[in-house]
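Visitor: I've got a model open and I'd like to learn how to read it feature by feature. Could you walk me through it?

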Amino acid sequence: MRTFLFSLAMSIVVLASAQSSSKVNQPNVPMVLTSFDTIKLLAPDTLGGKPLMQAIVHRKSDRTFDSRNLSLKHLSEILWVANGINRANGKRTVPSAMAQYPLQTYAVLANGIYFYNPQKHQLEPVAKGDFRSLAGKQTFVDTAPLNLLFIAKARNANDKFEMAMMDSGYCGQNVYLYCASEGLKCVVRAGAKEAELLKAMNLDTNYKFILAQTVGY
Ligand SMILES: Cc1cc2nc3c(=O)[nH]c(=O)nc-3n(C[C@H](O)[C@H](O)[C@H](O)COP(=O)(O)O)c2cc1C
């Protein structure tokens, strides 16, 4: 009887953990942001989504967003298409002039600002708190679940950030097409409360805000 009860209990534990780990991969289960820790992102489903030509048909800008969090799957794939690594030689999903990759990608979530580490494909905590209102000057940024920030570090004292600006267009367009493919909403934005934002992120004057992109449902 004791062996039977033990086996039953173990089966329940295994079933429950299988269910919760499969839930994490589901596109429509919003993330629960309880703690402000490193977020290990999921490997992208590279066989998913709509065909490219269909995604292009549906690409557009949206400016109304539901406040519900993105699923871990969507968050993971957005970061990967925006600035992730897609080859063994370390090069990215986006092109970059002279492969210099001046852009860093940050995710402003409801509970804080995170740095996207492409090598580890994870989000690393930068500033705890709700800083979404600094990510733009339009009211939808305050409640949208994700504001991406593309920020460049000066390559030298005279850097005018032209290369970073051009590079950012590719990041934004990859995210646009991914959103169109997954039925998500997004818009790229040139405006943010830059000085306050960089201060909150503890970034000095060597860094420049280049482009933002709001994403959600
Ligand atoms: C570099 C750039 C900056 C933009 N900045 C903003 C912005 O600050 N706020 C905004 O609502 N839309 C912004 N947009 C989105 C454009 O307004 C939008 O792409 C344009 O109206 C065409 O609409 P569509 O994207 O739906 O085709 C920007 C687009 C680009 C390419």
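Guide: Sure, let's start with a single bridge. This is a predicted model, and in it Leu-109 has Gly-112 of β3 as its bridge partner.

Visitor: Which residue is the bridge partner of Val-108 in β3?

Guide: Val-108 is matched with Ile-113. Both of those pairs belong to the β2–β3 ladder: β2 covers residues 103–109, β3 covers residues 112–117, and four bridges join the two strands, which run antiparallel. The link between β2 and β3 is a hairpin of two residues.

Visitor: And how many bridges hold β3 and β4 together?

Guide: Six, again in the antiparallel sense, with β4 spanning residues 122–128. One example is Tyr-116, whose bridge partner in β4 is Leu-123. The hairpin here has four residues between the strands, and His-121 takes a positive phi near 45 degrees.

Visitor: What should I keep in mind about side chains when I look along a strand?

Guide: In a regular strand, side chains alternate between the two faces of the sheet.

Visitor: Now zoom out for me. In what order do the strands of the sheet come?

Guide: The order is β1-β4-β3-β2-β5-β7-β6, an open sheet of seven strands with antiparallel pairing. At the edges you'll find β1 (39–40) and β6 (185–189), each pairing on one side only.

Visitor: Which helices pack on that sheet?

Guide: Take α3 and α4 in turn. Helix α3, residues 72–83, packs on the sheet and touches β2, β3, β5 (146–153) and β7 (207–216). The direction of α3 makes about 160 degrees with that of β2. Helix α4, residues 162–182, also packs on the sheet, touching β2, β5, β6 and β7. The direction of α4 makes about 10 degrees with that of β7.

Visitor: How do α3 and α4 sit relative to one another, and at what angle do they cross?

Guide: Their axes come within 7 Å and cross at roughly 145 degrees, and the crossing is right-handed. On the α3 side the contact is made by His-74, Glu-77, Ile-78, Val-81, Ala-82 and Asn-83. The α4 side brings Cys-171, Asn-174, Val-175, Tyr-178 and Glu-182.

Visitor: What's the general idea when I go looking for a core?

Guide: In soluble globular proteins, nonpolar side chains tend to be buried together. In this model, the largest nonpolar core has 51 residues. The members that touch the most others are Ile-78, Ala-107, Ala-135, Leu-146, Leu-148, Leu-149 and Val-175.

Visitor: Which element gives the most to this core?

Guide: That's α4, with eight residues. The elements giving two or more are α3, β2, β3, β5, α4, β6, α5 (194–200) and β7. For a close-up, try Leu-149: leaving aside neighbours within four places in sequence, Leu-149 is in contact with Tyr-106, Val-108, Ala-135, Phe-209 and Ala-212.

Visitor: Is Ala-200 buried, exposed or partly exposed?

Guide: Count the neighbours: a residue needs 20 or more other C-beta atoms within 10 Å to be buried. Ala-200 has 17, so it is partly exposed. Ala-200 lies in helix α5 and, not counting residues up to four places away in sequence, touches Ile-113, Ala-127, Phe-131 and Leu-134.

Visitor: What about Phe-140, and where is it found?

Guide: Phe-140 is in the loop between β4 and β5. With 19 other C-beta atoms within 10 Å, Phe-140 is partly exposed. Phe-140 and Arg-63 are 77 residues apart in sequence, but their C-alpha atoms are 6.7 Å apart in space. Beyond four places in sequence, Phe-140 touches Arg-63, Thr-64, Phe-65 and Thr-214.

Visitor: What share of the chain's contacts is long-range like that?

Guide: Among contacts with a separation of 6 or more, 75% are between residues 24 or more positions apart. As for burial, 35% of the 217 residues are buried. The chain's secondary structure comes to five helices and seven strands.

Visitor: Last one: where should I be careful?

Guide: Where pLDDT is low, the predicted coordinates should not be read in detail. Here the mean pLDDT is 91, and 88% of residues reach 70 or more. Residues 1–22 are the stretch to watch: pLDDT stays under 50 there, and the model has zero contacts for them beyond four places in sequence.

Technical notes:
Residues are numbered from 1 along each chain as its sequence is written. This is a predicted model: local features need pLDDT of at least 70, side-chain atom pairs count only at pLDDT 80 or more; totals for chains, interfaces and linings use all residues. Two strands pair if DSSP finds at least two bridges between them. Two residues are in contact if their C-beta atoms, placed from the backbone, lie within 7 Å. Axes are lines fitted to C-alpha atoms, for helices over the stretch in contact, and angles run from 0 to 180 degrees between N-to-C directions. A nonpolar core is a set of buried Ala, Val, Leu, Ile, Met, Phe, Trp, Tyr and Cys residues joined through C-beta atoms within 7 Å. A residue is buried if 20 or more other C-beta atoms lie within 10 Å of its own, exposed if 12 or fewer, and partly exposed in between; C-beta atoms are placed from the backbone. pLDDT is the predictor's confidence in each residue, from 0 to 100. A crossing is left-handed if the near helix is turned anticlockwise from the far one by less than a right angle, and right-handed if clockwise.
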